[in-house]
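Work through the following exercises with the model open beside you, and try each task before reading its solution.

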Amino acid sequence: MSRRIKTLVAIDVGADHDQVTTAMPSDPTIEIVGLVDGLDESWATMQETPIDLLVVACGGDTDRALFLIDNAVKQHPERPVVVLCTGTPNGFVRRAFEAGADDIVTLPESPDRIRFMLEKAMVRKSGALEASVATAPMICVLGPKGGTGKTLTSCNLGVGLASQGHRVVIVDLDLQFGDVGLSLGLSPERTLYDLVNAGGTIDADKVGGYLAEHSSGVRVLMAPSRPDHASTVTVQFMRDVYASLRSSFDFVIVDTPPGFTPEVIASIDTSTHLCMVGMMDSLSLKNTKLGLETLQLMGYDQSRITFLLNRADTRVGITDADILDIVGRKPDVMVPSDRDIPRSVNQGQPIVSAKPRSEAARAFRELATIYSDPSSARAGKRRRALRRAKAEAV
């Protein structure tokens with residue numbers, strides 16, 4: 001930190017005073033403005049003394065500490081609160097986080113460790129962490145209704161980008177029925193639900209411990225394994241997860257559930273690019289049009305939306321002109337039908353790696369190039385349009 005952190009330590013009745021004072025760091029970056037016995041006295045001190053950070057020391061589950069945390073956060077939302085427990089926290093951890101605590105440490109701990117936790121809480125609260133690192137592109141894969149191939153697209157896009165040498169992570173945001181792990185042949189040993197229940201500050205190291213790895217190098221943050229666990233994942237939690245992942249990877253891909261749920265809307269707001277996925281039938285194209293219109297109403301930059309059409313060569317009486325009339329724009333990428341696609345899903349190897357020479361694999365690699373090398377993708381698209389025009393003229 002560039003300046004001293006003015007810190008008040010509020011010590012509750014029942015906390016081990018000696019253990020708390022021994023744990024506090026003697027460091028030029030941490031200025032202890034007071035070690036106050038009693039939470040009422042601590043609250044009075046906070047009203048008189050400007051502080052950057054509040055440390056609440058307690059012996060375990062205590063309503064007094066929760067009351068102080070809640071009021072301190074409401075009074076100064078920008079000021080972090082770190083809790084030191086000198087006893088067994090048990091169910092207190094969740095209650096403390098719900099009250100607004102930024103981190104909880106169970107003593108005994110070394111002063112160096114406490115100093116690190118305090119500095120990390122300050123950095124996270126101030127937003128300096130996000131400002132100090134480059135943030136990677138975040139691509140949301142969308143589809144107003146299910147069955148269009150969003151997960152298929154997310155997985156093949158991820159593997160396609162990884163094959164170009166990029167560090168890629170896929171987030172399965174279908175919190176009730178996520179299939180990214182199944183599509184990549186990965187077991188859901190640790191999921192978003194487990195990350196939520198771990199508590200504490202969200203940072204790159206912590207989130208990294210909950211990522212599964214595919215043979216392609218793609219990492220995956222899996223959806224909860226049970227539908228009833230979905231409610232534990234909040235919008236703000238996902239925002240913190242996205243910020244952490246974008247500081248650690250070259251690309252973040254979010255596989256979304258059907259519709260515009262609060263989690264999907266928050267992800268759209270956070271994203272840098274969107275990929276709208278549709279299929280070659282009138283109902284899907286109509287829903288795609290509604291989805292694109294919804295994004296326009298939300299004020300999303302239309303130039304950052306890619307339109308991908310799955311099963312684009314299916315003969316159902318719909319022409320390229322019909323697609324333009326229904327949706328209002330031409331597809332940027334057209335993925336043909338391929339009987340090897342369901343086989344590759346069953347084997348946990350996306351078509352990009354299972355059948356790299358297939359037309360479907362080429363289409364998904366084209367999608368990856370749109371995000372990794374836009375100028376090359378535009379040139380390739382012009383060449384393909386010219387070839388199609390010449391073929392139609394003949």
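**Exercise 1. Ser183 and its surroundings**

Decide whether Ser183 is buried or exposed, then place it in the fold and list what it touches.

Solution. Begin with accessibility: the relative accessible area of Ser183 is 12%, and because buried means under 20%, Ser183 counts as buried. Next, find its element, which is helix H8, covering residues 180-183. Finally, look for partners beyond the four nearest places in sequence on either side: Ser183 is in contact with Thr151, Cys155, Val345, Gly348 and Gln349.

**Exercise 2. The model as a whole**

Describe the protein's confidence, its elements and its extent before turning to further details.

Solution. Keep in mind from the start that this is a predicted model. The pLDDT averages 86 over the protein, and 91% of the residues score at least 70. Residues 128-134 need separate mention, as their pLDDT is below 50, and this stretch has seven contacts in the model beyond near neighbours in sequence. Counting elements then gives 18 helices and 13 strands, while the C-alpha trace spans about 90 × 40 × 35 Å along its principal axes. Of the 394 residues in the protein, 48% are buried. As a last step, take the contacts between residues at least 6 apart in sequence: 76% of these join residues at least 24 apart.

**Exercise 3. Two residues of strand E2**

Compare the settings of Gly34 and Leu35 by working out the accessibility class and the contacts of each.

Solution. Start with the element: Gly34 lies in strand E2, and Leu35 is also placed in E2, which runs over residues 30-37. For Gly34 the relative accessible area is 14%, so this residue is buried. For Leu35 the relative accessibility is 40%, and therefore Leu35 counts as partly exposed. Turning to contacts, and leaving aside neighbours within four places in sequence, Gly34 is in contact with Thr7, Leu8 and Val9, whereas Leu35 touches Val9, Ile11 and Thr21. Distances complete the step: the C-alpha atoms of Gly34 and Ile5, 29 residues apart along the chain, are separated by 12 Å, and those of Leu35 and Ser183, 148 residues apart along the chain, are separated by 54 Å.

**Exercise 4. Three helix pairs**

Describe how H7 packs with H17, how H3 packs with H4 and how H11 packs with H12.

Solution. Two packed helices are described by the angle between their axes and the distance between the axes.

Step one takes H7 (residues 150-163) and H17 (residues 359-372), whose axes come within 8 Å and cross at roughly 65°. Because angles of 65 to 115 degrees count as roughly perpendicular, H7 is roughly perpendicular to H17. The crossing of this pair is right-handed, and its contact is made by Leu152, Thr153, Asn156, Leu157, Gly160 and Leu161 of H7 together with Phe364, Leu367, Ala368, Tyr371 and Ser372 of H17. Sorted by class, the contact of H7 with H17 has seven nonpolar, four polar and no charged residues.

Step two takes H3 (residues 63-75) and H4 (residues 92-99), which pack at an angle of about 25° with their axes 8 Å apart. That angle makes H3 roughly parallel to H4, and the crossing is again right-handed. On the H3 side, Asp63, Ala65, Leu66, Ile69, Asp70 and Val73 meet Phe92, Arg95, Ala96 and Ala99 of H4. The residues of this contact divide into seven nonpolar, no polar and three charged.

Step three takes H11 (residues 235-246) and H12 (residues 262-270), which pack at about 35° with axes 10 Å apart, in a right-handed crossing. Here Val235, Arg239, Tyr242 and Arg246 in H11 meet Pro262, Glu263, Ala266, Ser267, Asp269 and Thr270 in H12. By class, the contact of H11 with H12 has four nonpolar, two polar and four charged residues.

**Exercise 5. Backbone details in two loops**

Locate the cis peptide bond and the positive phi of Arg311.

Solution. The cis peptide bond joins Leu107 and Pro108, with omega about 10°, and Pro108 is in the loop between strand E5 (103-106) and helix H5 (111-126). Arg311 has a phi of about 50°, positive although this residue is not a glycine. Its loop runs between strand E12 (305-310) and helix H14 (320-327), and with a relative accessible area of 49% Arg311 is partly exposed.

Conventions. Residues numbered from 1 in each chain as written. Predicted model: local features only at pLDDT ≥ 70, side-chain atom pairs only at ≥ 80, totals over all residues. Heavy atoms only, no water. Axes fitted to C-alpha atoms, helices over the stretch in contact; angles between N-to-C directions. Helix = DSSP H or I, 4+ residues; strand = E, 2+ residues; numbered from the N terminus. Parallel < 35°, antiparallel > 145°, perpendicular 65-115°, else oblique. Left-handed = near helix turned anticlockwise from the far one by under 90°. Contact = heavy atoms within 4.5 Å. Nonpolar A, V, L, I, M, F, W, Y, C, P; charged D, E, K, R; others polar. pLDDT = per-residue confidence, 0-100. Buried < 20%, exposed > 50% of the residue type's maximum accessible area, 1.4 Å probe, protein only.
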